[in-house]
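Visitor: I have the sequence and the model open. Walk me through the packing, and tell me what lies behind each term you use.

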Amino acid sequence: MENEMTSKNFIEQMIDKDLAEGVYDTVHTRFPPEPNGYLHIGHAKSILLNYGLARKYGGKFNMRFDDTNPTKEKVEFVESIKADIQWLGADWEDRLYFASDYFEEMYEAAVKLIKKGKAFVCDLTAEEIRSYRGTLTEPGKESPYRNRSIEENLELFEAMRGGKYGDGEKVLRAKIDMASPNINMRDPVIYRVAHISHHNTGDAWCIYPMYDFAHPIEDAIEGITHSICTLEFEDHRPLYDWVVRELEYPVPPRQIEFAKLYLTNVVTGKRYIKKLVEEGIVDGWDDPRLVSIAALRRRGFTPESIRMFVDLCGVSKSQSSVDYAMLEYCIREDLKLKRPRLMAVLDPIKLVIDNYPEGQVEYLEAANNLENEELGTRKIPFCRELYIEREDFMEEPPRKYFRLFPGNEVRLMHAYFVKCESFVKDESGKVTEVHCTYDPETKAGSGFTGRKVKGTIHWVPAPYAMTAQVRLYENIIDEEKGVYNEDGSLNLNPNSLTVVETAYLEPGFAGAKPYDSFQFVRNGFFCVDAKDSREDQLVFNRIVSLKSSFKLPKAQ
């Protein structure tokens with residue numbers, strides 16, 4: 001039993017205690033994003049944690065949009081968030097909610113607080129409220145409007161709802177304690193006037209609840225038992241508890257905080273991403289160089305790889321950063337046995353086999369993935385003219401270069417030994433063709449043992465090659481300089497995107513569809529771009545290279 005407890009994270013241990021003591025008889029969680037931007041990798045941790053807890057305890061999971069701030073919210077963001085959560089595999093079933101669905105109940109809750117003498121209408125400006133609030137070492141100062149009568153507060157609050165006052169002219173504040181050591185408890189604003197249309201309620205309201213007031217009410221209305229949130233809300237917990245206590249909910253939800261997921265050298269801040277989008281540095285919130293969930297999906301990451309990553313990160317109370325290389329490790333681990341390994345040439349040079357009969361073609365059988373026989377085999381046409389990678393030929397090679405150079409012999413993958421006999425250059429001195437001879441006795445799979453070669457290179461049959469655009473991504477941040485400059489701007493990597501306009505692919509890529517992914521032999525894992533690919537012009541995004549600097553820590 002003791003081992004079972006220690007293997008559980010601290011949230012699960014708290015839930016176990018609550019269930020054992022009869023505080024709750026079920027587990028009901030939620031994911032409550034504000035629809036003011038696209039979700040990023042950090043949100044994936046919260047989604048999978050909340051959904052995972054509900055599943056583990058046989059409970060329920062709600063999807064709820066915390067849409068209480070219409071100045072920043074859009075239907076576009078609502079739809080993108082729903083798509084992200086469904087893609088990650090978190091199923092809210094029929095429990096999709098909006099905070100704005102509860103605006104009338106929130107208004108009635110505010111009226112209840114006024115009637116209890118626990119809320120008042122305040123005429124101070126936002127700047128005055130800040131100056132009255134005090135500091136971490138000095139208590140705040142009470143508003144001169146704090147002791148208005150209940151009748152006057154009810155009348156003024158109703159007038160606020162009726163549109164009598166302009167933006168910022170009046171607010172409703174909770175009446176708690178201006179001397180509290182927790183600044184969040186110093187008579188916080190719980191309603192503001194904002195004459196702005198809402199994506200869900202239109203112009204029905206001109207007053208909107210503040211997040212800290214609305215959130216506990218939403219949780220209580222939906223019967224949430226455990227309100228799991230990130231550590232920055234820890235100081236807000238006393239206010240959360242005050243709201244549900246003063247409103248006398250019979251089964252108050254419990255707020256539990258955990259550490260956010262921070263990735264090194266990535267951009268997650270919405271205002272920074274918005275700027276990158278608006279300035280055309282990236283081609284949208286789903287640009288594959290970003291770590292929004294939509295961007296990771298477009299780049300070719302899988303839900304399974306994100307879940308593996310979140311599991312490896314674990315759940316804790318202490319803030320820490322995780323290297324991006326760990327996320328890359330997870331996608332390699334997920335794809336290496338699932339995807340076919342096909343040949344693609346990104347920087348082509350023609351190879352001509354002079355002694356191979358002109359017009360002849362033979363179909364060579366090749367395994368789709370040597371580590372997974374279940375992926376089967378394919379036939380690759382082999383002929384006199386092929387494309388190879390430019391880096392696989394050198395006129396004057398250094399020591400320990402085992403690929404093609406004059407007089408050297410290599411194996412063409414799945415095919416024959418070829419020996420370099422000569423090469424052709426253009427006027428600028430660039431090699432345009434490599435001429436070889438082949439040994440028909442050395443066919444792959446024939447059992448030939450006459451001699452060995454040290455190098456194997458991949459190739460694509462020139463007459464049968466498909467063409468594609470290939471995008472090679474690096475971190476959008478210059479990692480050597482860090483994320484931010486002294487002035488707060490981003491340290492951008494000028495080489496974050498390299499576009500190969502014409503790469504050559506073997507025919508096995510025929511029929512590839514958006515989001516399909518493959519291993520390009522020796523080049524990495526690639527995914528068909530979902531935004532820019534067309535049937536007549538495939539576009540591939542490099543998901544990740546084959547080499548990894550990340551090593552999984554050894555178990556203690």
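Guide: Start with helix 9. Its buried residues pack against helix 5, strand 5 (171-174), helix 8, strand 8 (226-230) and strand 9 (254-258). Keep in mind that this is a predicted model.

Visitor: Which residues of helix 9 are called buried, and what makes them so?

Guide: In helix 9 (residues 237-246) they are Leu239, Tyr240, Trp242, Val243, Val244 and Glu246. The term calls for under 20% relative accessible area. These six names meet that cut-off, so they count as buried. After the helix comes glutamate 248, with a positive phi near 60°.

Visitor: Why are helix 8 and helix 9 called oblique to each other?

Guide: They pack at about 55°, with their axes 9 Å apart. Roughly parallel needs an angle under 35 degrees, and roughly perpendicular needs 65 to 115. About 55° fits neither range, so the pair is oblique. The crossing of helix 8 with helix 9 is right-handed.

Visitor: Which residues make that contact of helix 8 with helix 9?

Guide: Helix 8 brings Asp212, Phe213, His215, Pro216, Ile217 and Asp219. Helix 9 brings Leu239, Tyr240, Val243 and Val244. By class, the contact holds 7 nonpolar, 1 polar and 2 charged residues.

Visitor: Why are helix 5 and helix 8 called roughly perpendicular?

Guide: The axes of helix 5 (residues 103-115) and helix 8 (residues 211-222) cross at roughly 110° and come within 11 Å. The perpendicular range is 65 to 115 degrees. Roughly 110° falls inside, so the name applies. This crossing, too, is right-handed.

Visitor: What meets what where helix 5 and helix 8 touch?

Guide: Glu105, Met106, Ala109, Ala110 and Leu113 come from helix 5. Across from them, helix 8 offers Phe213, Ala214, Ile217, Glu218 and Ile221. This contact has 8 nonpolar, no polar and 2 charged residues.

Visitor: How do you know that strand 8 is mostly covered?

Guide: Count its residues: 5 of 5 are buried. His226, Ile228 and Thr230 point one way, while Ser227 and Cys229 point the other way. Both sets are buried. In a regular strand the side chains alternate between the two faces of the sheet.

Visitor: What makes strand 8 and strand 9 a pair?

Guide: Pairing takes at least two bridges. Strand 8 and strand 9 are joined by 5 bridges, so they pair, and they run parallel. Threonine 230 stands opposite phenylalanine 258 in strand 9.

Visitor: On to the sheet with the order 21-18-19-20-14-17-22. Why are strand 21 and strand 22 said to stand at its edges?

Guide: Strand 21 (456-457) and strand 22 (460-461) have a single partner strand each, so one side of each is left without a neighbour in the sheet. The sheet is open, has 7 strands and is mixed in its pairing.

Visitor: How many bridges link strand 18 and strand 21?

Guide: Strand 18 (residues 409-412) pairs with strand 21 over 2 bridges, in the parallel sense. The cut-off is at least two, so the pair qualifies. Leucine 412 has isoleucine 457 as its bridge partner in strand 21.

Visitor: What makes strand 12 and strand 13 edge strands?

Guide: They belong to an open, mixed sheet of 7 strands, ordered 12-25-26-27-23-24-13. Strand 12 (341-342) and strand 13 (344-345) each pair on one side only. Helix 13 (residues 324-335) lies across strand 25 (517-520), strand 26 (524-528) and strand 27, at about 115° to strand 27.

Note on methods
Residues numbered from 1 in each chain as written. Predicted model: local features only at pLDDT ≥ 70, side-chain atom pairs only at ≥ 80, totals over all residues. Heavy atoms only, no water. Helix = DSSP H or I, 4+ residues; strand = E, 2+ residues; numbered from the N terminus. Axes fitted to C-alpha atoms, helices over the stretch in contact; angles between N-to-C directions. Parallel < 35°, antiparallel > 145°, perpendicular 65-115°, else oblique. Left-handed = near helix turned anticlockwise from the far one by under 90°. Contact = heavy atoms within 4.5 Å. Nonpolar A, V, L, I, M, F, W, Y, C, P; charged D, E, K, R; others polar. Buried < 20%, exposed > 50% of the residue type's maximum accessible area, 1.4 Å probe, protein only.
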